[in-house]
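Me: I have a structure to go through with you, and I'd like to ask how each label is earned. Could you set the values against the rules for me?

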Amino acid sequence: MQKVVERILNLLAFLLTVGRPVTADEIRHTVKGYEQPTDEAFRRTFERDKDLLRTLGVPLELRHTDLWEVELGYVVPSDDYGLDDPGLTDEERSALLLASQAVRFGGQRTELGAIFKLGGAARTTESGTVYADLGHDLDQLGALYGAITDKKIARFDYRNRRRQIEPYGLIHRRGRWYLIGPERGAPEPVKAFRVDRMGLIAIDEAVGTFTRAPEFDLKSSLAELPSEGTTDMLASVRFDTDVASIAKRQMPGATEVDRTQASVLLEVPYSADRSLIGWVLGFDDKAVIEAPDELRRALVAFVEAPT
Amino acid sequence: MTSDRTAQRLTRILAVLPWIISHDGADTDDLVDRFGYKDTTELVKDMHLVFTTGLPGYGPGDLIDVDVFDDEVYVDAADYFSRPLRLTPAEALGLLASGMTLIQSDQASPALHSAVEKLASVVVPPEGETVRFEVPTPAYVGTLKDAVASRNVVRIGYVGIATNERTERDIEGWSVFFNLGNWYLSGFCRLAEGSRVFRIDRIDTLIVLDEVYVIPEVPLQTTIDYRPSEDDQHVRFTLAPSARWVAEYYPVDVEPLDDDAIRVTMGVSDPLVAARLLLQLGETVTDIQGDEVIAVLENLRSRIVARYTLTK
């Protein structure tokens, strides 16, 4: 490992100072650490080193070495290499470190490398009583996020079809990740794709290949879930006392209009019969619609219908 | 062989060097704490390695100049390493996601708010929001977290998910956590006399008692997974296209059918959970297979209809 670390530091020092694209051959003869005896051994070592640089986040690009465009060489654009320093204080770094320790991705912790790049932070032994798992592995999410920020096309298999998406954003909702963006060749302005249903994700190399539609708003882009919507009617629903406070919490627009020892009557705003019935049925036989009468009859008919 | 450890070591070296350079030298103890070194020896080992690298020529004037004193480190002749590497997309997302999740959950200090704001200003492109977290946070999360930290027993009113029955329970809370869209409290339940996990949005009353409990020796459950078990009831049914969202929200196996319908196999530990869902789905579900669940479903139907007959 020592040798690899030394060689990479030498290679990176060279690429950051040379100021022009350099060929693999020039690297082999200039940088200390590439004394491999055969072409094949050098090629293998150099390929691995390039992968390692990219893993670290080093922007390694191939460019023509001269105006005649005969040869290609490697270059690390120094503007892209360095971190745009967000200017964090030690307190802010520690807060980020604690947050990154409290959150997992599919059971995995995030690496400390990101905090190191920002200047590091002393680790405290927090009791670890709160933590959240955001469900999906960070490698895949990171690849998609990179496609979003660099405006690269993302390709993946989804419901038996290969898709081509201009990725606009990621949403985490109720434990699931969704990628939002227009699908090339599809009529909808944007679509949502569940990340855990994607197969064979590939991100194009080309950067800046689309422009995000100016009217796009990530917040309102994911279709609302069933039972949400605008409300204009009121239903009276009587709940057994033991489930009443849960019902109130689930329906913030509800008002209590009556209370007895055994039950609580709530007035609940709703827009569609069907979604209100579904919600009331979630309380089994502990909730009864009292009014309007059509709604009450609709629920009974719904329950009695054979499946 | 390139290993993760090699990458981790390089990442750290490429962060430590800019820190030392931009601060004109640094205190070794601070470096050890800040960059998570085991001890000074480990830090010094990295610094000695850096000392053997530099620019082509690799003579005394080309190599990076590192001076390690008892309690201070200086680095010279390495201006090309004066800036830390940019964050990879995964790193940026990981930090933003972690910070934003805690902010959404009302668990954030003012320092975290400002840190996430500063970070977003350098990693989020100017067109606007690129990542969004919708983490619902039940009111009791903060209080429960505090009670767990101080090991106070909590008395909760809890409406069971499977049963819809309300019980009062005294809990010795071990952890509060968020998983797959919900917040949970895990701990020792004195009513059940065993370890239990409770969904916090189903807790309707909460009293923090003065009693402080002694933390048990056994390993604590701090997470929850849906694990298929041999005791699970299985039910199979067909969903019309309009109800396909069910497959997005429940852990089920899905088999596509013609006309965009799907055939779903669902395993549940309590048949009532499946029966309630099937009832709510109404006519969008057909061809139910699974005797136990069907029996519970029919019982549920007649209980509800009986309730309506009684009240009118």
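Me: What is the bridge partner of S236(A) in β14(A)?
Reply: It is E267(A). A note before we go on: this is a predicted model.

Me: What makes β12 and β14 of chain A a pair?
Reply: Strand β12 (residues 233-240) and strand β14 (residues 263-270) of chain A are joined by eight bridges, in the antiparallel sense. Pairing asks for at least two bridges, so the eight between β12(A) and β14(A) satisfy it.

Me: Which order do the strands of that sheet take?
Reply: The order is β13-β14-β12-β15 in chain A, an open sheet of four strands with antiparallel pairing. From one strand to the next, the twist averages 30°.

Me: Why are β13 and β15 of chain A said to stand at the edges?
Reply: Each of them, β13 (255-259) and β15 (287-291), has a single partner strand, so one side of each has no neighbour in the sheet.

Me: Which helix lies across β12, β14 and β15 of chain A?
Reply: Helix α9 (residues 273-281) of chain A does, and its direction is at about 150° to β14(A). In the loop between α9 and β15 of chain A you will find D284(A), which has a positive phi of about 55° although it is not a glycine.

Me: How do you know that the peptide bond from A291(A) to P292(A) is cis?
Reply: Its omega is near -5°, and the bond is listed as cis. P292(A) sits in the loop between β15 and α10 (293-304) of chain A.

Me: Let's turn to chain B. What makes β2(B) and β3(B) partners?
Reply: Four bridges link β2(B) to strand β3 (residues 72-76) of chain B, in the antiparallel sense. The rule needs at least two, so these strands pair. D65(B) stands opposite D76(B) in β3(B).

Me: Which strands are at the edges of the sheet with the order β1-β3-β2 in chain B?
Reply: β1 (26-27) and β2 (65-68) of chain B are the edge strands, each pairing on one side only. That sheet is open, with three strands and antiparallel pairing.

Me: Which helix lies across β1 and β3 of chain B?
Reply: That is helix α1 (residues 4-22) of chain B, running at about 90° to β3(B). Helix α3 (residues 40-51) of chain B packs on the sheet too, where it touches β2 and β3 of chain B. The direction of α3(B) makes about 150° with that of β2(B).

Me: How do you know that strands also pair between the chains?
Reply: Strand β8 (residues 169-173) of chain A and strand β4 (residues 131-134) of chain B run parallel and are joined by four bridges. With at least two required, they count as a pair, so the pairing does cross between chains. H172(A) has F133(B) as its bridge partner in β4(B).

Me: Why is the meeting of R307(B) and D240(A) called a salt bridge?
Reply: Their side chains come to 3.0 Å, N to O. The cut-off is 4 Å between a side-chain nitrogen of Lys or Arg and a carboxyl oxygen of Asp or Glu, so this Arg and Asp qualify. Across the interface of chain B and chain A, the rule finds seven salt bridges.

Me: Which helix gives the largest share of the side of chain B that touches chain A?
Reply: Helix α4 (residues 89-104) of chain B, with 13 residues. By class, that side of chain B has 63 nonpolar, 29 polar and 27 charged residues.

Conventions: Residues are numbered from 1 along each chain as its sequence is written. Chains are lettered from A and ligands numbered from 1 in the order in which they are written. This is a predicted model: local features need pLDDT of at least 70, side-chain atom pairs count only at pLDDT 80 or more; totals for chains, interfaces and linings use all residues. Side-chain values use heavy atoms; hydrogens and water are left out. Ala, Val, Leu, Ile, Met, Phe, Trp, Tyr, Cys and Pro count as nonpolar, Asp, Glu, Lys and Arg as charged, and the others, Gly among them, as polar. Contact means heavy atoms within 4.5 Å. Axes are lines fitted to C-alpha atoms, for helices over the stretch in contact, and angles run from 0 to 180 degrees between N-to-C directions.
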